[in-house]
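Please examine the chain displayed below before reading on. The paragraphs after it lead through its architecture step by step.

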Amino acid sequence: FDLQNDDFTNLQELGQGNGGSVMKVQHVPTGTIMAKKIVLIDAKPAERKKILLELQIMHDCDSPYIISSYGAYLAEPNICICMEFMDKGSFDGIYKRIGAIEIKVVGKVAVAVLEGLRYLYDVHRIIHRDIKPSNILCNSSGDIKLCDFGVSGELVNSIANTFVGTSIYMSPERIQGATYSVKSDIWSLGITLIELTVGQFPFSGSFSDDEDSDLEPNGINGDGETTPSHRDSLQVPAPTDAASKRRSRRRSKGVSLHGGGMTMSIIELMHQIVNEPSPRLPSGKFGREAEEFINGCLEKDLDARRTPAQLFDYAWILYSRQNGVDMKAWAATF
Ligand code: ATP
Ligand code: MG
């Protein structure tokens, strides 16, 4: 593909993130439907060149668990990245539409993410760096694929948004400034899997640094009751129970990034991730194998946290590979 702006017709906006926006487009000369990510960058010519060069790695990826790329081009002051269009969207959108996702399907997501991470690392020596529901996509064939992986350090440096690289799925060691490792992606995977299973981001916003130290570490009610929520990547759903709402009114510290509504500041959330016990699946509801896997992902101690290779041997993964779920039929239900 020789990609240039004039050759595209915009069909629909698919979503917006911190880094830019994504459009469903048609590449007119070939008739191909694509997803086009438009990122506003602030970069000198040499840096732009480097970004395009680094993005080439995306083009070289060839795995059923990784979104394929048609290429990238500059359209000043933006950079446009054209990728495979996934017609069922991302898993954050899916669970917000249909509610908590059944555990067998979440098992399939876990397998796909592990496979995707293994491919990126073993073949390209890439660490994903941004595992979260919005970067795990689904199509009507029932395929599950990863997008937005860290191919271009130069691109991250050039994005004109301060919050790029800050994510609520960040591991405790990342928050504390440690260098990135594959195990940081595993933490993000654990958080993501709980979110999909219970239908809610597992940190509730009920953090406080004083009298509330007896709080449960996460926002999942014991009975598994969940509330769908709308948030962007720096916004956390408001606590759902009355008690934590009261607590959260008492909190006033930190920098609130979003005015209006009850949102937790990113500072408070980071504090909670580092200092509170890791979130867990509500016990006894989704099976011991799933709980064990997720606990292996969410060890705060890096040495105890499992590597992708170890996680492949977990009973839940072995079982999920052949659990009989027809993903194509599942994807046809929404
Ligand atoms: P952040 O910028 O914080 O990473 P994000 O992942 O939600 O958040 P984008 O990567 O800009 O932001 O994506 C915006 C939305 O576009 C996603 O939530 C997803 O639903 C949709 N999207 C992205 N890529 C594709 C694709 N290839 N096919 C279909 N939909 C896509
Ligand atoms: Mg994304």
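The description moves from the overall content to the sheet, then to the helices and to some individual residues.

The model is predicted: local features require a pLDDT of at least 70 and side-chain atom pairs count only at pLDDT 80 or more, while totals for chains, interfaces and linings use all residues. Residues are numbered from 1 along each chain as its sequence is written, and chains are lettered from A and ligands numbered from 1 in the order in which they are written.

The chain contains twelve helices and seven strands. These elements are DSSP runs numbered from the N terminus, with helices being H or I of at least four residues and strands being E of at least two. Of its 334 residues, 41% count as buried. A residue is termed buried if 20 or more other C-beta atoms lie within 10 Å of its own, exposed if 12 or fewer do, and partly exposed in between, the C-beta atoms being placed from the backbone. Among the contacts in the chain with a separation of 6 or more, 66% join residues 24 or more positions apart; a contact requires that the C-beta atoms of two residues, placed from the backbone, lie within 7 Å.

Five strands form an open sheet in the order β1-β2-β3-β5-β4, with antiparallel pairing. Its edge strands are β1 (8-16) and β4, each of which pairs on one side only. Neighbouring strands of this sheet are turned by 25° against each other on average, direction ignored. Pairing here demands at least two DSSP bridges between two strands. Strands of a sheet pair through backbone hydrogen bonds, either parallel or antiparallel.

Within this sheet, strand β2 (residues 20-27) and strand β3 (residues 32-40) run antiparallel and are joined by eight bridges. In this pair, K24 stands opposite A35 of β3. Strand β4 (residues 69-75) pairs with strand β5 (residues 78-84) in the antiparallel sense over six bridges, and A72 faces I81 of β5 as its opposite residue. The connection from β4 to β5 is a hairpin through two residues. Helix α1 (residues 45-60) lies across β4 and β5 and runs at about 170° to β4. Such angles run from 0 to 180 degrees between N-to-C directions, with axes being lines fitted to C-alpha atoms, for helices over the stretch in contact.

One residue of the sheet carries an annotation: an unreviewed UniProt entry lists K37 under "binding site". UniProt positions are given in the numbering used here, feature names are shortened, and annotations may be inferred rather than shown by experiment. K37 is located in strand β3. Is K37 buried or exposed? K37 counts as buried because it has 22 C-beta neighbours inside 10 Å. Leaving aside neighbours within four places in sequence, K37 is in contact with G20, V22, C80, I81 and M83.

Attention now turns to the nonpolar interior. The largest nonpolar core has 76 residues, of which V109 and V113 touch the most other members. Helix α3 (residues 103-124) gives the most to this core, with eleven residues. A nonpolar core is a set of buried Ala, Val, Leu, Ile, Met, Phe, Trp, Tyr and Cys residues joined through C-beta atoms within 7 Å. Apart from residues up to four places away in sequence, V113 touches I131, I136, L146 and L189.

The geometry of α3 can be checked against expectation. At 1.5 Å a residue, its 22 residues should span 32 Å, and the end C-alpha atoms are 31 Å apart, which agrees. The expected span is 1.5 Å times one less than the number of residues. Just after α3, R125 takes a positive phi of about 55°. For helix α6 (residues 182-198), 17 residues should span 24 Å, and the end C-alpha atoms are 25 Å apart, in agreement. Helix α6 is mostly covered, with 16 of its 17 residues buried. Just after α6, G199 takes a positive phi of about 80°.

Two further residues complete the tour. S171 is found in the loop between α4 (153-158) and α5 (172-175), and S171 is buried because 26 other C-beta atoms lie within 10 Å. Not counting residues up to four places away in sequence, S171 touches S184, W187 and S188. E154 has its place in helix α4 and is partly exposed, with 19 other C-beta atoms within 10 Å. With the same sequence neighbours left out, up to four places away, E154 touches E47, K50, I51 and E54.
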